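Here are a few notes to help you find your way around this structure. Keep the view open as you read, and take the points one at a time.

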Amino acid sequence: MTSSTPFHPSDGDPVPPALRGFARAHADLVELHEDPAHLVARHRAPGRRVGLVSGGGSGHEPMHAGFLGRGMLDAVAPGKVFASPHNRQILEASRKAAGPGGVIHVVKNYTGDRINFGIAAERLRLEGVEVRRVLVDDDLATESAETATGRRGTGATVVVEKLLGAAADDGLGIDELAELGAAFAGASRSLAVASRAQTSMHTGRPSFELAEGELEYGVGIHGERAARSIPRPSTEELVARMLDEVIAGLPAGPDEVVAVVNGLGGTTLLELYGLHELVAGGLERRGIALTGSLVGTFVPALDMAGFSITLTRMRPEWKTWWAAPAITPAFPRPTTEETV
């Protein structure tokens, strides 16, 4: 098998030049600070009293820096590829983002992220800053007794950041936002599959091999292999199986959902829109209303060929927050039942 060398600068770590390029491309919306590395939104709603901060490993672009701006995040801390940001990065990002009502950390459920955000939160509290954590843990593939940390945080992070950002713009306080954030995350479940691994930045080859005609069912956003490989079914059968599992994993609630069909980096929009049509049809046949959609590459694993499906049960009072505009580099105009 031939290798495929990524188009990164040849002088080492690809993250710093990518951050500089991102900040240059979106200079009207974001500001980059390089020591320690973090990015800050240039604009925020005047009524926002509580800042929102997130972060995580690079290689998942546009998450999280693409969601900086009015209506979503105030600051982000990007780590190295597939690695947690350092607590110093999170601390500096939080200092800049904190409002008079404090700051909320949106944290994906990975050990390194939890530790480093936790250290930063302790230091902020010593400085007199109110801090709360919203933990995102939506990945059904890691909901097992063997996973000591519990479900990982994946595609639902985008939904949580969107809804929480709109609620923060309405001027809600830190405790109410933290409670809402937990509710948004708790109402969300995801599942991902892949037909090809991401390209290793060191070897230029796929990070793992799949047998002919096999599919990884339940991959992680860091390119982790699934617990099992399955014979590849038809796309229609695959989406139906995934929908059954995601719906079964959702908590009880209204039969209305936001659906995210997310590419893992090497999946075309032609495929993703076709997948969304299957998801929408499958929900309709199951008596579940599609109240909002996102289709595209929002949380990839470098260039992995695959996709994830995220469903969030929507309460009626959340719909306005989903439909609220977000002025960021990467978040599209959200679709709602009123606009489709």
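1. Helices α2 and α3 cross in a right-handed way. Please note that the model is a predicted one. The two helices pack with their axes 8 Å apart and at an angle of about 50 degrees. An angle that is neither under 35 degrees, nor over 145, nor from 65 to 115 counts as oblique, and α2 and α3 are therefore oblique to each other.

2. Which residues make this contact? From α2 come Asn 87, Arg 88, Ile 90, Leu 91, Ser 94 and Arg 95. On the α3 side you will find Asn 116, Phe 117, Ile 119, Ala 120, Arg 123 and Leu 124.

3. It is worth staying with α2, which spans residues 87–97. Its buried residues are Asn 87, Gln 89, Ile 90, Leu 91, Ala 93, Ser 94 and Ala 97. Besides α3 (111–126), these buried residues pack against the strands β2, β3, β4 and β5.

4. Now to the sheet. Six strands build an open sheet with mixed pairing, and their order is β1-β2-β4-β3-β5-β6. Why is one side of β1 and of β6 left without a neighbour in the sheet? β1 (30–34) and β6 (131–136) stand at the edges and each has a single partner strand, so one side of each stays unpartnered there. On average, neighbouring strands of this sheet are turned by 25 degrees against each other, direction ignored.

5. For a look at one pair, try β3 (residues 51–58) and β4 (residues 75–81), which run in the parallel sense and pair over five bridges. Within this pairing, Ser 58 stands opposite Val 81 in β4.

6. Two further helices lie across strands of the sheet. Helix α1 (residues 15–25) lies across β1, β2 (37–41), β3 and β4, and runs at about 150 degrees to β1. Helix α4 (residues 156–169) lies across β3, β5 (103–108) and β6, running at about 170 degrees to β5.

7. Finally, have a look at Arg 48, in the loop between β2 and β3. Is this residue buried or exposed? Arg 48 has 5% relative accessibility, so it counts as buried. Its side chain reaches the backbone oxygen of Gly 165 at 2.9 Å, and a polar contact of 2.8 Å joins it to the side chain of Asp 169. Leaving aside residues up to four places away in sequence, Arg 48 touches Gly 71, Met 72, Leu 73, Asp 74, Gly 165, Ala 168 and Asp 169.

Definitions and conventions: Residues numbered from 1 in each chain as written. Predicted model: local features only at pLDDT ≥ 70, side-chain atom pairs only at ≥ 80, totals over all residues. Heavy atoms only, no water. Pairing = 2+ DSSP bridges. Helix = DSSP H or I, 4+ residues; strand = E, 2+ residues; numbered from the N terminus. Axes fitted to C-alpha atoms, helices over the stretch in contact; angles between N-to-C directions. Contact = heavy atoms within 4.5 Å. Buried < 20%, exposed > 50% of the residue type's maximum accessible area, 1.4 Å probe, protein only. Polar contact = N/O pair within 3.5 Å; in protein donor to acceptor, adjacent residues only side chain to side chain. Left-handed = near helix turned anticlockwise from the far one by under 90°.
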